[in-house]
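Biologist: Please take a close look at one loop residue in this model, and then set it against the interior of the chain.

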Amino acid sequence: MTQLALVIDLNVCVGCHACVTSCKQWNTSGTAGALVDLNPYAADPNGTFFNRVQTFEVGEYPNTQTVHFPKSCLHCEDPPCVPVCPTGASYKRAEDGIVLVDYDKCIGCKYCSWSCPYGAREFDEERKVMTKCTLCVDRVTDTKLPEPERKPACVLACPANARLFGDVHDPESVVSKAIAERGGYQLMPEWGTRPANHYLPRRKTEIRIHPEDLERVDNPLKLDVKQPDYAGRGAGREDFAT
């Protein structure tokens with residue numbers, strides 16, 4: 001069975017919120033919207049968002065790191081939000097595993113929100129219905145769009161390519177290969193919900209800085225042939241480029 005999902009690379013996410021704004025724009029203008037904004041320019045703004053980025057400082061000074069953690073509905077394979085819904089408004093699509101909400105059936109009782117251990121459900125105060133990430137289902141299933149554009153808005157908008165999209169049940173898909181090669185993991189697997197979305201862990205990357213990298217190429221002294229010639233300095237990397 002197909003299970004569409006997101007794989008998020010925490011090693012390259014820069015916390016720019018491009019995924020948040022693109023998600024808001026697409027879904028507000030699409031089949032899921034309009035998503036309400038409450039006091040957007042006041043002291044205490046709020047609103048309905050399908051995707052949010054939480055930022056944490058980890059470690060102890062001076063060895064600290066900033067971690068940006070995007071979070072949305074994880075489209076669990078065993079979603080606890082579905083069986084608790086008294087009207088059947090919350091459901092999981094059999095053809096692709098996407099968990100959705102039928103707004104015509106939703107009565108805003110918030111049972112699904114209370115059952116979700118990830119806090120991925122949001123109550124739209126204006127429409128009085130529960131909302132959540134749809135994986136841009138109206139976009140990914142639109143056959144009128146070119147194949148490369150049939151992806152969630154957040155995936156297309158990410159400037160760092162930190163978000164991957166595909167079928168996690170297909171071992172040859174880009175998401176399955178990333179999970180296998182990079183040790184992708186599920187969020188809070190102990191709850192037994194089997195989240196479809198995965199995260200790729202952060203990893204240490206060694207940075208090598210060559211002496212010539214610290215020297216400005218456009219140094220004005222070079223233009224006047226006044227740059228001192230350091231005796232004994234060997235060839236730089238660019239001398240071996242060819």
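**Asn39 and the interior**

Modeller: Asn39 sits in the loop that runs between strand S2 (37–38) and strand S3 (46–47). The model is a predicted one. With a relative accessibility of 49%, Asn39 counts as partly exposed, because exposed would require over 50%. Beyond its neighbours within four places in sequence, Asn39 is in contact with Asp44, Pro45 and Asn46.

Gln3 belongs to the segment before S1. Gln3 has a relative accessible area of 0% and is therefore buried, the limit being under 20%. Its side chain reaches the backbone oxygen of Gly97 at 3.2 Å. With neighbours within four places in sequence left aside, the contacts of Gln3 include His75, Glu77, Lys92 and Asp96, as well as Gly97. Gly166, Asp167, Val168, His169 and Ala196 are also in contact with Gln3.

As for the nonpolar interior, the largest core holds 29 residues, and Leu135, Phe165 and Tyr199 touch the most other members. At least two residues of this core come from each of strand S1 (4–9), helix H1 (18–29), helix H3 (137–140) and helix H4 (153–157). Tyr199, again without neighbours within four places in sequence, is in contact with Ile8, Leu10, Phe69, Pro70, Lys71 and Leu74. Gly183, Gly184, Tyr185 and Leu187 are in contact with Tyr199 too. Apart from the largest core lies another, of 10 residues, among them Cys81, Ala89, Cys106 and Met130.

Terms used
Residues numbered from 1 in each chain as written. Predicted model: local features only at pLDDT ≥ 70, side-chain atom pairs only at ≥ 80, totals over all residues. Heavy atoms only, no water. Helix = DSSP H or I, 4+ residues; strand = E, 2+ residues; numbered from the N terminus. Buried < 20%, exposed > 50% of the residue type's maximum accessible area, 1.4 Å probe, protein only. Contact = heavy atoms within 4.5 Å. Core = buried A, V, L, I, M, F, W, Y, C linked by side-chain atoms within 4.5 Å. Polar contact = N/O pair within 3.5 Å; in protein donor to acceptor, adjacent residues only side chain to side chain.
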